[in-house]
Amino acid sequence: MSNSKPVLNSSLGRKLIMSLTGIFLCLFLIVHLIGNLQLFKNDAGYAFNQYAYFMTHFTPIKVVSYLLYASIILHAIYALVLTMKNKAARPIGYAQFNGAANSKWNSRNMGILGTIILVFLATHMYNFWWKYHNDQVPYVEYRTDLATGETAVQEIQATEFNDYQVTVENNVEIIKARDLYKQVDFAFQNIGIVIFYVLAMAALSFHLIHGFKSAFQTLGVSHKKYVPIIEFLGVWVFGIIIPIGFALMPLYFYFVK
Amino acid sequence: MAQHMNLTLKVWRQKNDKTKGKFVTIQAKDIADDMSFLEMLDVVNEDLTRKGEDPIYFDHDCREGICGMCSLVINGRPHGPKYGITTCQLHMRSFHDGQTIVIEPWRAAAFPVLKDLAVDRTSFDRIQQAGGYVNVNTGGVPDANTIPIPKRIADEAFESATCIGCGACVAACKNASAMLFVSAKISQFALLPQGQTERYERAQAMIDQMDAEGFGNCTNTGACEAECPKGIKLSNIARMNREYFGAKFFREEDVHTHS
């Protein structure tokens with residue numbers, strides 16, 4: 001009946017895409033951080049490498065991961081489209097513009113912060129995702145004596161097995177897997193990567209302090225009780241705990257391991 | 001006694017929307033600190049007229065902060081360095097002797113410069129005409145208070161209705177977005193029973209028109225709210241989004257737009 005413009009061709013529709021993909025990416029960060037906390041376990045990657053195999057081979061997780069890649073791409077493309085439209089909405093800029101008097105720095109520079117995060121994501125995906133999927137990480141074997149619970153670790157050759165294997169021989173559990181943990185350890189011995197990761201997490205922090213609450217404003221949430229909760233989560237969970245949690249990983253491998 | 005001051009003005013001069021503009025430096029001499037900013041420009045213009053030069057063209061009308069006509073981005077801020085006032089309510093005591101003041105028009109593709117500092121804000125009128133109205137039956141005058149409206153709702157609708165359509169929200173927004181204005185105009189009716197008849201087509205029609213005028217997209221920086229002379233709140237934008245998505249996703253059959 002309506003002959004008004006389709007939602008996704010409208011300004012609010014495009015903002016809705018930004019909001020929904022943004023919130024989905026925020027939810028992913030929670031899972032990603034909790035899973036990666038296994039990097040802090042001092043078990044030579046025993047838990048982490050099994051987790052990495054599970055996350056890349058369990059079908060429901062794979063479906064979600066494709067949704068995730070689509071969200072990242074959509075979020076970036078819509079950001080670009082909206083930014084170009086916003087630039088076109090003010091063809092002649094101000095000679096003097098005092099933005100600091102009326103808004104926060106990070107809210108005005110979401111595009112720059114987002115670009116830093118996108119470059120980081122490309123680096124991050126190459127370092128771990130691409131190398132993991134293209135046989136560029138070492139292989140490892142864990143032999144756990146089921147009687148004593150002691151685990152022996154050794155690097156093995158790729159030709160001996162295919163991808164991932166769990167067997168029990170003579171009361172000894174043998175797990176062969178790709179050693180993503182080793183790859184993490186290797187990457188984070190590079191001070192350049194460590195610095196870049198920490199700076200990217202700072203950008204993520206500023207991006208999410210504005211982005212998380214902004215996403216809910218776009219969805220139309222304005223509530224006396226819930227908005228302060230959203231703002232609290234945006235600052236403390238997404239702006240502080242999550243970026244610091246991630247930043248600690250390269251720092252841990254560089255300074256502690 | 002009023003203090004007097006001399007100022008250097010860097011004023012945007014532009015013949016019309018077809019020509020390119022530029023900044024022109026003009027000295028404002030012997031300005032009393034109890035003048036309003038517009039009175040200061042009046043003094044400068046008298047001086048320019050006496051010298052046979054073209055006076056600075058700027059918008060103004062009521063000069064008491066209720067009409068929304070005066071504009072000007074002064075030293076990088078719409079309506080100047082104070083909060084919650086229009087340019088006519090800004091006094092020269094907010095500046096000091098010897099100061100340089102940069103004066104620019106509202107900058108937005110949807111607000112083309114007519115001349116110097118005056119911009120064409122009829123895009124706001126067209127958004128309002130697209131859906132910012134209520135249909136009222138003719139006939140006898142209804143009794144007052146026959147439609148019960150909770151005080152809280154009435155107050156909120158009233159606060160939204162205090163928008164004077166000056167365009168400071170667009171001027172302050174880094175994206176030149178008009179969403180604070182449009183959301184205030186949608187809210188003042190969406191909240192009240194009298195506004196329900198056109199409720200869902202209103203949100204769609206006004207947002208379609210806003211997009212067609214070439215305003216930018218809100219990124220929730222809050223600059224509009226901070227610079228609004230009437231304190232229109234960002235919660236209006238959240239309400240506008242609810243109205244629009246509600247219409248689009250849940251009320252499509254109920255909506256009959258005229259355009």
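**Figure 1. Contacts of Val227(A) in the predicted model.** In this predicted model, Val227(A) touches Val221(A) and Ser222(A), leaving aside residues up to four places away in sequence. Val227(A) belongs to helix 8 of chain A, which covers residues 226-256. The relative accessible area of Val227(A) is 22%. Buried means under 20% and exposed means over 50%, so Val227(A) counts as partly exposed. Ile174(A) is separated from Val227(A) by 53 residues in sequence, and the two C-alpha atoms are 51 Å apart in space.

**Figure 2. Helix 7 and helix 8 of chain A.** Two packed helices are described by the angle between their axes and the distance between the axes. Helix 7 of chain A spans residues 191-218, and its axis comes within 8 Å of the axis of helix 8 of chain A. The two axes cross at roughly 170°. Angles over 145 degrees count as roughly antiparallel, and therefore helix 7 of chain A is roughly antiparallel to helix 8 of chain A. The residues of the contact between helix 7 and helix 8 of chain A comprise 20 nonpolar, three polar and two charged ones.

**Figure 3. Annotated transmembrane regions of chain A.** An unreviewed UniProt entry gives the feature "transmembrane region" for chain A at residues 12-34, 63-82, 110-129, 186-209 and 230-255. Two of these spans are described here, residues 12-34 and residues 110-129. Residues 12-34 of chain A are 100% helix and 0% strand, with the end C-alpha atoms 33 Å apart. Residues 110-129 of chain A are also 100% helix and 0% strand, and there the end C-alpha atoms lie 26 Å apart.

**Figure 4. The two assigned domains of chain A.** The domain assignment of chain A places 7-94, 107-133 and 181-256 in domain 1, while domain 2 is 139-178. Domain 1 of chain A is thus written as separate segments of the sequence. From the C-alpha centre of domain 1 of chain A to that of domain 2 of chain A is 34 Å. The contact between them takes 11 residues from domain 1 of chain A and 12 residues from domain 2 of chain A.

**Figure 5. Asp125(B) in helix 2 of chain B.** Asp125(B) lies in helix 2 of chain B, which runs over residues 122-131. With a relative accessible area of 41%, Asp125(B) is partly exposed. Asp125(B) and Gln196(B) are 71 residues apart in sequence, and their C-alpha atoms are 21 Å apart in space.

Note on methods:
Residues are numbered from 1 along each chain as its sequence is written. Chains are lettered from A and ligands numbered from 1 in the order in which they are written. This is a predicted model: local features need pLDDT of at least 70, side-chain atom pairs count only at pLDDT 80 or more; totals for chains, interfaces and linings use all residues. Side-chain values use heavy atoms; hydrogens and water are left out. UniProt positions are given in the numbering used here, feature names are shortened, and annotations may be inferred rather than shown by experiment. Helices (H or I, at least four residues) and strands (E, at least two) are DSSP runs, numbered from the N terminus. Buried means under 20% relative accessible area, exposed over 50%, partly exposed in between (1.4 Å probe, protein chains only). Contact means heavy atoms within 4.5 Å. Axes are lines fitted to C-alpha atoms, for helices over the stretch in contact, and angles run from 0 to 180 degrees between N-to-C directions. Angles under 35 degrees count as roughly parallel, over 145 as roughly antiparallel, 65 to 115 as roughly perpendicular and the rest as oblique. Ala, Val, Leu, Ile, Met, Phe, Trp, Tyr, Cys and Pro count as nonpolar, Asp, Glu, Lys and Arg as charged, and the others, Gly among them, as polar. Domain bounds come from an automatic or database domain assignment.
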